[in-house]
Amino acid sequence: MAKTSDAIKIINKLTSSDPELEAMVAEASINAEVAQLIYEARTSSGLTQKQLAELIGTKQPVIARLEDADYEGHSLSMLQKIAQALNQRVVIHLTPLEHEQSA
């Protein structure tokens, strides 16, 4: 088999035979994606963490936690508050799992 340096392909190969590990990687990926979305929305609006916190009635450390890829406590209500403060909206999509599509 050819060697690859593609991290996604390597992770998929390592986790594909272990459903529990695959689920953990998927959850971590979602947490990182949500954190990145919050960060990008805030910075593109030209706000500091403190300014966003004041807009939604919380403290700066809460925003810092929400922007941390390792944070697992994102809530829909908090995401909606952030979106509203940034004149945006939260959109959620449910899609079939990749391995179920090919079955």
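Asp18 is partly exposed, with a relative accessible area of 33%, in this predicted model. The residue sits in the loop that joins α1 (7-15) to α2 (19-44). On the surface, Asp18 gathers with Glu20, Glu22 and Glu98 in a patch of negative charge. Residues of such a patch must have over 30% relative accessible area, and the value of 33% for Asp18 therefore meets that cut-off.

A second surface patch is nonpolar: Ile11, Leu21, Met24 and Val25 make up about 300 Å². Helix α2 supplies the largest share of this nonpolar patch, with three residues. Ile11 belongs to helix α1 and is partly exposed, its relative accessible area being 36%.

Leu47 occupies the loop between α2 and α3. Is Leu47 buried or exposed? Leu47 is buried, because its relative accessible area of 19% falls under the limit of 20%. Leu47 and Leu86 are 39 residues apart along the chain, and 9.2 Å separates their C-alpha atoms.

The accessibility of the three residues is set out below.

| Residue | Location | Relative accessible area | Class |
|---|---|---|---|
| Ile11 | helix α1 | 36% | partly exposed |
| Asp18 | loop between α1 and α2 | 33% | partly exposed |
| Leu47 | loop between α2 and α3 | 19% | buried |

As to confidence, the pLDDT of the protein chain averages 85, and 89% of the residues score at least 70. Among the elements of the chain, helix α3 (residues 49-56) has the highest mean pLDDT, 97, whereas helix α6 (residues 98-101) has the lowest, 55.

Notes. Residues are numbered from 1 along each chain as its sequence is written. This is a predicted model: local features need pLDDT of at least 70, side-chain atom pairs count only at pLDDT 80 or more; totals for chains, interfaces and linings use all residues. Side-chain values use heavy atoms; hydrogens and water are left out. Patches are made of residues with over 30% relative accessible area and no salt bridge: like charges are joined within 9 Å, nonpolar side chains (Val, Leu, Ile, Met, Phe, Trp, Tyr) within 5 Å. Accessible areas come from the Shrake-Rupley method with a 1.4 Å probe; for residues, only the protein chains shown count as cover. A salt bridge is a side-chain nitrogen of Lys or Arg within 4 Å of a carboxyl oxygen of Asp or Glu. Lys and Arg count as positive and Asp and Glu as negative; His and the chain ends are not counted. The place of a charge is taken as NZ of Lys, CZ of Arg, CG of Asp or CD of Glu. Helices (H or I, at least four residues) and strands (E, at least two) are DSSP runs, numbered from the N terminus. Buried means under 20% relative accessible area, exposed over 50%, partly exposed in between (1.4 Å probe, protein chains only). pLDDT is the predictor's confidence in each residue, from 0 to 100.
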